[in-house]
Amino acid sequence: MPVASREFVLHDSAGTGPDLLRAVAGAASDSIAWANGGPVSTYRRTWLDTFDWRLYRAGLTLEQVTASAGAILTLTGRDGEVLASERLQRGAATWPSLLTALPDGPLRELLEPVAGVRALSPVAKAASSVAELRALNADAKTIARLAVDRMSVTFPAHAIAPARLSLSPVRGYVGQTEKAARALAALPGVGRGRGSALETALAAAGRRPGELPGKAAAIALTPAMPARAAMAAILAELLGSLEANVPGTVKDVDTEFLHDLRIAVRRTRSALKLCCNALPDGLAARFAPEFRWLGELTTPTRDLDVYLLGFDSMAAGLVSATEIELAPFRDYLLKSRAVAHRHLVRGLRSARFRRLTADWRAALEGVGAPSKRTTVAQLADTKIGIAHRRALRAGQNLTASSPSESLHDLRKRCKELRYVVEMFGSLHDPAQRWQAVRELKALQDCLGEFQDAEVQRDEIRAFAAQMLADRTAPAETLLAMGEIAAGLALRQRAARARFDHAFANFASPPSKARLAALARMSAA
Amino acid sequence: MKIFATYNIKGGVGKTATAVNLSYLAAMEGYRVLLWDLDPQAAASYLFRIKPRVKGGGKALIQGRRPVDDAIKGTDFDGLDLLPADFTYRNLDLMLDSAKQPARRLAGLLAPLKKEYDLVVLDCPPSISLLSESVLHAADLLLVPLIPTTLSVRTLDQLTDFVSGFNGHKPAVLAFFSMIDRRKRLHIQIAADLPAERSDFATAVIPAVSVIEQMSVHRAPVTAFAPRTMAARQYRELWHEARDRAGLTTG
């Protein structure tokens, strides 16, 4: 049974230089001596995670170690236990890459539910030079091995990390190893090691794992904060999130970059619309059209992403047609997506986009104190209340014969309510917020299903017409697409059937009371 | 998991040297190896600098009061662990005698280790006893070192006859000449003729050389401290023959 190793750090202040044996010789005693354990080994290390640190947040660490013998990817858990590893063929994976670039096997199976559609990218890189010392007992028997890892960090910044000492007992010698560990810990310059190698590498580079370009909810608002200053902070944070997702969107690393970019844009637009009176006069009116342009710029690519991400499950649901018959449709989607993405990239590299972000940042930085002093708590109270009433109003007169547009309009109101609740999230107790938006989420899911099915059905007709005009679709492909359109119509009908119940729950007195209490809590 | 046993009724024929060197060579090839020093003289334990002591003695192991797993010690070599000898092993026969199905007891004790090790090597004391019988029943391959004399070959035949009478699992037998003295014509002649005539003989021949004796000075396998010597080469050849004969695979 493997026994956990004891970790230490050797600070440069120990003044031992490269002579590790001399460094630890002071930890010798009558019963413990130290000896060199063999030649120093060197290798390159790359830690991988998704842009939003999904692996780290799930307690996982994925490390690629590259030495002269080749590269190995190893996934470890919270306690450093190895969960899976995979030897990589030379040039098999270049980062960033989607999980589909990894060979089938246990490693990929463990990563898929965590990383999902996100690509793996390097979050830190280092070169390690590892020397080994052996702790010997009175019989000159090795009772523990001490690995001394000197890491030179090369990414995200160049830095030298303090040497990490890892003392691993040889099986059956835990007691004697404890003695060696105590002697080692007593040496000057040796401290208790905390954190993983990844955390050490990032700390040396002045970073921390899990650092994300902020979400609006991550801002810590205080109820007494002036509303205008709070809005400026929230919008600046959203701008940070938007900009952080631009490189990944342009390089097309994975589809979530664009998705998150669009969320930042939509939240900004909602904030401008709902809270314009908390901002300096004319600011919202000046920027709203530009953010609308940005939103519209991103829509075609995202719509096609949604299609392609759901393609396999759509194809799997075919009853009459076969998946092979759909292949020309997938090709068509991929080509259309490539065209849409090129257009998107041109937009994100345009002077108009650069001007928008620069002017927006300057405007937010220039936001001064208002003459009328409203606190963010009062603002949240008012705005959550308004958005809530609007959503209730938009839904209360809907009947079975109401046009789809009315449901789409309700969906927009619900999104606004959700955004405004999340925007002021740090004023609320998280558990109470979750309770308050439970019915809202369920209603949003139902409306989302309804609208997505309709949009996709309309689009598939347009695609079919275009493919027919381009002569790129054989008859069996068009028939298969027709079957998908029929499936979408069924999905939309099912969502419509669920709507009344979902809205009734949202509009029920307990649900209304919970949201009203949340609004009041902001001001409490 | 495969089980090898170095066995001979006679002492001083190179059983321990073979067990130690083959275990080391297997570990160097990446196999996960456990060497069980069953000899109360504890030579294998000594060679790996491990104290010949098992808490509760052999009785606790045989009776299952102490899991075998608990008594295992790591050697100085990656992938090679040792279950040390204990002076109480001199009474293993008596202990086995009072256990249920004594001839199968050793195999039962080793069964829980099959996920942890690819190879277990049993270094047996020189005897013919209940312990030997239990070893013969547990082993997949018997490595039998022989000094090249006519009497040794006769003993091998007796052993082969004995194991061929087993019901069910029967170990393969791989004999080899050990402690060959190149100055003795009889040694040279027997060592040259028999392996060519018999399929249960390895072609590797372990010479009687001082470097093997020096293992007790270095306290390490000769294949580790003098890997380029003739003795180390012959142990490597023997290992390859044993590995292939047993069809050893990892995992």
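Where in chain B does Asn167(B) sit? You'll find Asn167(B) in the loop between helix H8 (150-164) and strand E7 (172-180) of chain B. Keep in mind that this is a predicted model. Below is a quick tour, starting with that loop residue and then moving through chain B, chain A and the places where parts touch.

**The loop residue in chain B**

- Is Asn167(B) buried or exposed? Asn167(B) counts as exposed, because it has 6 C-beta neighbours inside 10 Å, and a residue is called exposed at 12 or fewer.
- Try finding His137(B) too: 30 residues separate His137(B) and Asn167(B) along the chain, and their C-alpha atoms are 9.6 Å apart.

**A helix in chain B**

- Helix H13 of chain B covers residues 230-246, which makes 17 residues.
- Here's a neat check you can follow: at 1.5 Å a residue, H13(B) should span 24 Å, and its end C-alpha atoms are 24 Å apart, so the two agree. If you're counting along, the expected span uses one less than the number of residues.
- Which residues of H13(B) are buried? They are Ala231(B), Ala232(B), Gln234(B), Tyr235(B), Leu238(B), Trp239(B), Ala242(B) and Arg243(B).
- Right after H13(B) comes Gly247(B), which has a positive phi, near 60°.

**Chain A at a glance**

- Chain A has 18 helices and eleven strands.
- Picture a box of roughly 90 × 65 × 50 Å, taken along the principal axes: that's what the C-alpha atoms of chain A fill.
- Of the 524 residues in chain A, 35% are buried.
- Take the contacts in chain A with a separation of 6 or more: 71% of them are between residues 24 or more positions apart.

**Two domains in chain A**

- The domain assignment splits chain A into domain 1 (6-204) and domain 2 (216-523).
- How far apart are the C-alpha centres of domain 1 and domain 2 of chain A? They lie 43 Å apart.
- Where the domains meet, seven residues of domain 1 of chain A are in contact with seven residues of domain 2 of chain A. On the domain 1 side, that makes five nonpolar residues, one polar and one charged.

**Nonpolar cores**

- In general, nonpolar side chains tend to be buried together in soluble globular proteins.
- The largest nonpolar core here has 99 residues, and the members that touch the most others are Ala201(A), Met231(A) and Val420(A).
- Why does this core lie between the two domains of chain A? Domain 1 (6-204) and domain 2 (216-523) both give residues to the core, so it lies between them.
- If you zoom in on Ala201(A) and skip its neighbours within four places in sequence, its contacts are Ala124(A), Ala126(A), Met151(A), Val153(A) and Ala161(A).
- Apart from that core lies another one, of 79 residues, which includes Tyr31(B), Leu106(B), Leu238(B) and Trp239(B). You've met two of these already: Leu238(B) and Trp239(B) are among the buried residues of H13(B).

**Strand E1 of chain A and its partners**

- Strand E1 of chain A (residues 6-10) is mostly covered, with four of its five residues buried.
- E1(A) runs antiparallel to strand E10 of chain A (residues 163-169), and five bridges join them. One pair to look for is Val9(A) with its bridge partner Arg164(A) in E10(A).
- E1(A) also pairs with strand E11 of chain A (residues 190-192), in the antiparallel sense, over three bridges. Here Leu10(A) has Val190(A) as its bridge partner.

**Strand E7 of chain A and its partners**

- Strand E7 of chain A (residues 121-136) is joined by four bridges to strand E2 of chain A (residues 33-36), and the two run antiparallel. Ala33(A) has Leu136(A) as its bridge partner in E7(A).
- Nine bridges link E7(A) to strand E3 of chain A (residues 41-49), again antiparallel. In this pairing, Leu48(A) is partnered by Pro122(A).
- With strand E8 of chain A (residues 142-155), E7(A) pairs in the antiparallel sense over twelve bridges. Look for Val130(A) standing opposite Asp149(A) in E8(A).
- E7(A) and E8(A) form a hairpin with five residues between them, and Ala140(A) in the turn has a positive phi of about 60°.

**Where the chains touch**

- How many residues of chain A are in contact with chain B? Seven residues of chain A are in contact with seven residues of chain B.
- The chain A side of this contact has two nonpolar, two polar and three charged residues.

Methods:
Residues numbered from 1 in each chain as written. Chains lettered and ligands numbered in written order. Predicted model: local features only at pLDDT ≥ 70, side-chain atom pairs only at ≥ 80, totals over all residues. Contact = placed C-beta atoms within 7 Å. Nonpolar A, V, L, I, M, F, W, Y, C, P; charged D, E, K, R; others polar. Domains from an automatic or database assignment. Core = buried A, V, L, I, M, F, W, Y, C linked by C-beta atoms within 7 Å. Buried ≥ 20, exposed ≤ 12 C-beta atoms within 10 Å, placed from the backbone. Pairing = 2+ DSSP bridges.
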